[in-house]
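Please walk through this structure step by step, from single loop residues to sheet, cores and annotated sites.

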Amino acid sequence: MNVLVINCGSSSLKYQLINMADESVLAKGLVERIGIEGSILKHEAEGKDKAVIQQPMENHKVALSLVLDALVDKNHGAIKDMSEISAVGHRVVHGGEKFSGSVVINDDVIKALEECIELAPLHNPPNLMGIAACKELMSTVPMVGVFDTAFHQTMPKSSYIYPLPYELYEKYGIRRYGFHGTSHRYVSERAADMLGKDIKDLKIVTCHLGNGASLAAIDGGKSVDTSMGFTPLEGLVMGTRSGDIDPAIVTFIMEKEKLDIEAVNNLLNKKSGVLGISGVSSDFRDIEGAAKEGNERAQLALDIFNSRVRKYIANFAAVMSGVDAVVFTAGLGENSASNREEICKGLAFMGINIDSAKNNVRGKEVIVSTDESKVKVLVVPTNEELVIARDTLELVK
């Protein structure tokens, strides 16, 4: 059985075709600049030359049509015809409180996702565009929605209710939702496998560190707290997002800089974080390079980021009354040995000790803590597409 995994952004479409018999990736690719001049599809199939297709793509339907053509192409395709695609799994960012797990997509689900647009105005609309395109082009193929927020629906009220008038939660759903749930779920399960233990017996802090970053406290396989909140803006310092700040700063800046809501939202989401601190870049590789050359603001950005991660690890250990493992994943977490080491240096009091030699790896599954470390530290490359494909198979088979 082959599952096509779709992840739609506002002007992009990422995809993987996965053979669920052995969970191998038959083909994958990325469409960029949908609806913008210079639309391009980059496609690669197992054992075939890469293909690049450049032509106008005015919407997601046109983009998906080209993806499907590429998958069955004689020269660089992965399957003979469309009948070999048994199901489609869609990444959906926000399911609100309506979905605590993945679901087969039908008209009622689509309606519920439309109602969640106000909670994720930048993400849910393109997710829905991808679903609509698949319904039109693959009308007989079953589809499944897998939600970034679903994994965190196990949090207790004490973790997700904000200290605001309670009626605001009842009227508008203002609460902590959390994101990156599919990633946190995958790496925590892999960590348990690597440690040879049942995840139900483990307390794990997972660190999804990249341009967007979040931590999760996972007790017995269930999320009990997470750093992102009502939106992905809360929590850690990120590439361009501020993370946690005093809320009064917002109104202060609006008054002093004469900013409207859109402008201050843009400042907090796109001009802050390590970009705002360093003035160099939102890319941690650029910032690390600048810091090595003596750029003090670049070093400050790294120090603030690492400090915030440490605070959340310690915080979540307290939430769970202990921690057995800390897991690093995503672009920065998987690939920056120096970042992992700097974060763990400040946590020796918790029994976290990293082995510099073991830690000198990029993008590999490995335990990087010392043998004596009471808390195990692991690097686990995330694989959200595989989680989506597995859930899709489970629901449609």
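**Loops, sheet, cores and sites**

K258 is exposed, with a relative accessible area of 70%, where exposed means over 50%, buried under 20% and partly exposed in between, for a 1.4 Å probe and protein chains only. The model is a predicted one, in which local features need pLDDT of at least 70 and side-chain atom pairs count only at pLDDT 80 or more, while totals for chains, interfaces and linings use all residues. Residues are numbered from 1 along each chain as its sequence is written, and side-chain values use heavy atoms, with hydrogens and water left out.

K258 lies in the loop between α7 (248-257) and α8 (261-270), these elements being DSSP runs numbered from the N terminus, with helices (H or I) of at least four residues and strands (E) of at least two. Although K258 is not a glycine, its phi is positive, at about 55°. Most residues other than glycine have a negative phi. E23, likewise not a glycine, has a positive phi of about 60°; this residue is found in the loop between β2 and β3 and, at 32% relative accessibility, counts as partly exposed.

The loop that holds E23 leads into the sheet. Strand β2 (residues 13-19) and strand β3 (residues 24-32) pair in the antiparallel sense over seven bridges, where pairing requires that DSSP finds at least two bridges between two strands. Together β2 and β3 form a hairpin with four residues between them, and E23 sits in its turn. Across this hairpin, Y15 stands opposite G29 in β3. On from there, β3 pairs with strand β4 (residues 40-45), again in the antiparallel sense, over six bridges, and V31 has L41 in β4 as its bridge partner. Seven bridges also join β1 to β2, which run antiparallel, with L17 in β2 as the bridge partner of L4.

These pairs belong to an open sheet of eight strands, whose order is β5-β4-β3-β2-β1-β6-β8-β7 and whose pairing is mixed. At the edges stand β5 (51-54) and β7 (103-104), each with a single partner strand, so one side of each is left without a neighbour in the sheet. Strands of a sheet pair through backbone hydrogen bonds, either parallel or antiparallel.

At the level of the whole chain, the protein is divided into domain 1 (2-147) and domain 2 (197-379), with bounds that come from an automatic or database domain assignment. The centres of domain 1 and domain 2, taken over C-alpha atoms, are separated by 30 Å.

Next come the nonpolar cores, each a set of buried Ala, Val, Leu, Ile, Met, Phe, Trp, Tyr and Cys residues joined through side-chain atoms within 4.5 Å. The largest has 43 residues, of which V205, L209, L215, F305, I313, V326 and I352 touch the most other members. Two or more residues of this core are given by each of β9 (203-208), β10 (214-219), α10 (284-292), α11 (296-319), β12 (325-329), α13 (337-345) and β14 (376-379), and the largest share, nine residues, comes from α11. Leaving aside neighbours within four places in sequence, I352 is in contact (heavy atoms within 4.5 Å) with I313, V326, C344, L347, S373, V375 and V377. Apart from this core lies another, of 40 residues, among them I6, L17, I110 and V141.

Which positions does the UniProt record mark as "binding site"? The unreviewed entry covers N7 and E384 with this annotation, and although they are spread over 378 residues of sequence, they cluster in space, the largest C-alpha distance being 10.2 Å. The same annotation in the unreviewed entry lists R91; UniProt positions are given in the numbering used here, feature names are shortened, and annotations may be inferred rather than shown by experiment.

N7 is found in strand β1 (residues 2-8) and is buried, with a relative accessible area of 14%. Leaving aside neighbours within four places in sequence, N7 is in contact with S12, L13, K14 and R91. R91 itself has its place in strand β6 (residues 85-92), and, with the same sequence neighbours left aside, R91 is in contact with I6, N7, N127, V146, D148 and I388. The side chains of R91 and N7 are joined by a polar contact of 3.5 Å, that is, a pair of N or O atoms within 3.5 Å, of which, within protein, one must be able to donate a hydrogen and the other to accept it, with residues adjacent in sequence counting only if both atoms are side-chain atoms. E384, in turn, has its place in helix α15 (residues 384-396), where, beyond neighbours within four places in sequence, E384 is in contact with T182 and S183.
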